[in-house]
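Trainee: Before I trust any label here, I want the reasoning behind it. Can we go through it?

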Amino acid sequence: MVKGFSLTQIALHWVVAGLIGFNLIFSDGMTHLWYQIRKNGPMPTTTGAWAHIIVGVAILVLVGWRLALRFTRGVPEAPHNDNALLEKAGDAGHILLYLLMIGLPVTGLMAFYGGFTSLGSLHGGILKALLWAVIGLHVVAAFYHHFILKDGLINRMRKPG
Ligand code: HEM
Ligand code: HEM
């Protein structure tokens with residue numbers, strides 16, 4: 001078992017976090033174009049929509065890289081605490097984050113380029129809402145470790161080990 005995350009793993013965590021934040025916040029261009037396409041038929045992709053698509057595909061590729069590193073190099077063991085349920089929740093939260101980071105771009109691409117229109121509502125509806133919720137819990141958990149448990153967990157995503 002490795003002692004900490006590598007520099008690449010840490011860089012990938014923060015770059016992907018930033019790109020996810022971008023696509024969650026700046027998605028108006030895509031929503032607008034998608035609405036127009038469904039109402040009036042095909043039309044050229046706007047700059048805002050291109051940004052959404054390129055950032056989304058970059059997330060998919062970088063998450064693939066992250067998972068490959070997770071399976072080849074490994075990740076440090078989750079910190080132990082007295083509550084086995086909280087430990088399981090931490091693992092489940094990370095798995096859910098990975099599933100959503102794959103599920104969002106895949107459903108987006110299938111809706112936009114594959115003609116699976118209903119996946120567009122899944123993408124912009126429940127998957128988007130779930131991602132916001134799980135990220136919220138993830139950040140609360142990180143701050144809980146930092147300010148309440150004071151176990152230095154955040155440092156694992158700052159300094160390679
Ligand atoms: C992790 C990557 C992605 C995230 C976090 C993301 C997030 C979002 C969000 C927040 C919306 C706005 C939904 C709303 O409030 O109405 C949206 C809409 C949309 N996105 Fe993405 N997206 C991602 C990747 C992609 C990719 C790669 C495509 C491929 C073309 C795509 C296609 C769409 C489409 C077609 C819509 C309009 C659907 C709708 O508004 O119902 N997305 N996306
Ligand atoms: C302010 C924002 C954030 C903070 C403070 C934060 C903090 C952390 C920390 C400290 C860890 C390491 C946990 C451990 O050592 O076991 C971690 C892991 C992780 N974070 Fe974040 N994070 C943030 C945002 C995000 C975002 C936006 C995403 C993606 C949607 C994300 C996805 C993940 C994943 C998947 C892991 C597990 C890594 C692995 O074990 O493979 N994080 N985060």
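Mentor: We take one helix, then two ligand shells. This is a predicted model, where local features need pLDDT of at least 70, side-chain atom pairs count only at pLDDT 80 or more, and totals for chains, interfaces and linings use all residues. Residues are numbered from 1 along each chain as its sequence is written, and chains are lettered from A and ligands numbered from 1 in the order in which they are written.

Trainee: How do you know that α1 spans what is expected?

Mentor: Helices are DSSP runs (H or I, at least four residues), numbered from the N terminus. The expected span is 1.5 Å times one less than the number of residues. α1 has 19 residues and reaches 27 Å from first C-alpha to last, close to the 27 Å expected.

Trainee: Which residues of α1 are called buried, and which exposed residues sit on the face turned away?

Mentor: Buried means 20 or more other C-beta atoms within 10 Å of a residue's own; exposed means 12 or fewer, with C-beta atoms placed from the backbone. Gln-9, Ile-20 and Asn-23 are buried. Seen down the axis of α1, its buried residues fall within an arc of 65 degrees, so they line one face of the helix. The face turned away carries exposed residues, including Trp-14 and Gly-18.

Trainee: What makes a residue part of the shell around ligand 1, and which come nearest?

Mentor: Its C-beta atom, placed from the backbone, must lie within 6 Å. Of 24 such residues, Ser-27, Gly-56, Gly-108, Phe-112 and Gly-124 come nearest. α4 gives the most, seven residues.

Trainee: And which come nearest to ligand 2?

Mentor: Of 20 residues, Ala-17, Leu-97, Ala-142, Arg-156 and Met-157.

Methods: Helix = DSSP H or I, 4+ residues; strand = E, 2+ residues; numbered from the N terminus. Arc of directions from axis to C-beta.
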